[in-house]
Amino acid sequence: MRMRNPKYMNEVIESCPFLIKDEINFENDYPIHIEIGMGKGNFIINMAKKYPHINFIGIEKYSSVASIAIKKIMELEEGLPNLKIIISDIKNLEELLKEKVEVIYLNFSDPWPKKKHAKRRLTSPDFLKLYDEFFKGENKIFMKTDNDDLFAYSLDSLKEYGYEFKKISYDLENEDTQNVLTEYEEKFRNQGIKIKYFEAIK
Ligand SMILES: C[S@@+](CC[C@H](N)C(=O)[O-])C[C@H]1O[C@@H](n2cnc3c(N)ncnc32)[C@H](O)[C@@H]1O
């Protein structure tokens with residue numbers, strides 16, 4: 001998601017105490033869940049509120065977008081000690097996230113519809129290979145999307161790579177009452193578009 005830089009961008013990023021630069025330190029042993037492409041952060045913020053015994057990291061490659069999430073977190077009176085942010089392309093995080101992660105969330109990832117751009121999809125084999133490095137124990141990838149083609153591609157790609165599916169839904173809104181919404185999800189739901197979801201394990 002590209003957007004104009006908010007005027008507060010540099011200030012919030014420079015003063016952010018929960019921005020990870022070169023070391024992950026939550027000062028506890030709770031499992032770590034990451035969202036790749038957190039956008040403006042609604043999902044990861046509400047997950048961190050709902051599950052205080054899980055550590056969450058929201059990852060976003062654009063500073064402009066990430067600064068919106070950071071500002072929202074900074075404005076929370078109660079604070080969220082179990083939530084940190086990384087501003088980076090996921091491709092650059094192999095060392096930092098090595099064997100640290102229990103679950104990866106991919107929410108409304110860019111679909112890259114043209115075949116020639118298939119390698120850029122976050123569920124293409126090159127990304128799955130990168131994710132192998134991140135996981136501690138079993139690999140768990142939970143994905144939701146409005147996009148039928150990306151969903152079908154991702155099911156095939158993960159299956160081919162050795163993942164099994166513990167859950168597949170073609171209408172998440174009516175099947176999972178525990179679901180935490182993302183910004184894109186809210187927008188699509190309001191348009192009556194059904195959300196597709198899977199939980200994959202390897
Ligand atoms: C379509 S938005 C969805 C945002 C949010 N997850 C939601 O559901 O509302 C996808 C986001 O992923 C980010 N993104 C895409 N590729 C990425 C990558 N390789 N590393 C980190 N972030 C990425 C984009 O910048 C964008 O903000």
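Glu164 has Ile201 as its bridge partner in strand S7. The two strands concerned, S6 (residues 164-169) and S7, pair in the antiparallel sense over five bridges, where pairing requires that DSSP finds at least two bridges between two strands. Strand S7 (residues 196-201) is also joined to strand S5 (residues 140-145), again antiparallel, by six bridges. In this second pairing, Thr145 is matched with Lys196 of S7. Helices (H or I, at least four residues) and strands (E, at least two) are DSSP runs, numbered from the N terminus.

The model is predicted; local features need pLDDT of at least 70, side-chain atom pairs count only at pLDDT 80 or more, and totals for chains, interfaces and linings use all residues. Residues are numbered from 1 along each chain as its sequence is written.

The chain contains seven helices and seven strands. Their order along the sequence is α-β-α-β-α-β-β-α-β-α-β-α-α-β. The C-alpha trace spans about 40 × 40 × 35 Å along its principal axes. The radius of gyration, taken over C-alpha atoms, is 16 Å, which agrees with the value near 17 Å for a compact globule of 202 residues; the globule rule is 2.2 Å times the number of residues to the power 0.38. Of the 202 residues, 35% are buried. A residue is classed as buried if 20 or more other C-beta atoms lie within 10 Å of its own, as exposed if 12 or fewer do, and as partly exposed in between, with C-beta atoms placed from the backbone. Two residues are in contact if their C-beta atoms, placed from the backbone, lie within 7 Å. Among contacts between residues at least 6 apart in sequence, 77% join residues at least 24 apart.

The largest nonpolar core has 42 residues, of which Ile104 and Ile141 touch the most other members. Helix H3 (residues 63-74) gives the largest share of this core, six residues. Such a core is a set of buried Ala, Val, Leu, Ile, Met, Phe, Trp, Tyr and Cys residues joined through C-beta atoms within 7 Å. Not counting residues up to four places away in sequence, Ile141 touches Ile104, Leu106, Tyr131, Leu158, Tyr163 and Ala200.

In helix H2 (residues 42-50), the buried residues are Asn42, Phe43, Ile44, Ile45 and Ala48. They pack against strands S1 (32-36), S2, S3 (83-87) and S4 (103-107), and against helices H3 and H7. His33 is found in strand S1 and counts as buried because it has 22 C-beta neighbours inside 10 Å. Leaving aside neighbours within four places in sequence, His33 is in contact with Ile54, Phe56, Glu102, Val103 and Tyr105. The C-alpha atoms of His33 and Glu102 are 5.7 Å apart, although the two residues are 69 apart in sequence.

Two residues other than glycine have a positive phi: Glu27, near 60°, and Phe108, near 55°. Glu27 lies in the loop between helix H1 (9-14) and S1, and it counts as exposed because it has 7 C-beta neighbours inside 10 Å. Phe108 is located in the loop between S4 and helix H4 (125-134); with 22 C-beta neighbours inside 10 Å, Phe108 counts as buried.

Glu173 belongs to helix H6 (residues 172-175). Glu173 is partly exposed, with 17 other C-beta atoms within 10 Å. Outside its neighbours within four places in sequence, Glu173 is in contact with Arg189 and Ile195. Glu173 and Arg189 are 16 residues apart along the chain, and their C-alpha atoms are separated by 8.1 Å.

The ligand is surrounded by 21 residues, the closest being Met1, Gly37, Gly39, Thr182 and Tyr184. Strand S2 (55-60) and helix H7 (183-190) are the elements that give two or more residues to this shell. The largest share, three residues, comes from H7. A residue is near a molecule if its C-beta atom, placed from the backbone, lies within 6 Å of it. By class, the shell has nine nonpolar, five polar and seven charged residues. Here Ala, Val, Leu, Ile, Met, Phe, Trp, Tyr, Cys and Pro count as nonpolar, Asp, Glu, Lys and Arg as charged, and the others, Gly among them, as polar.
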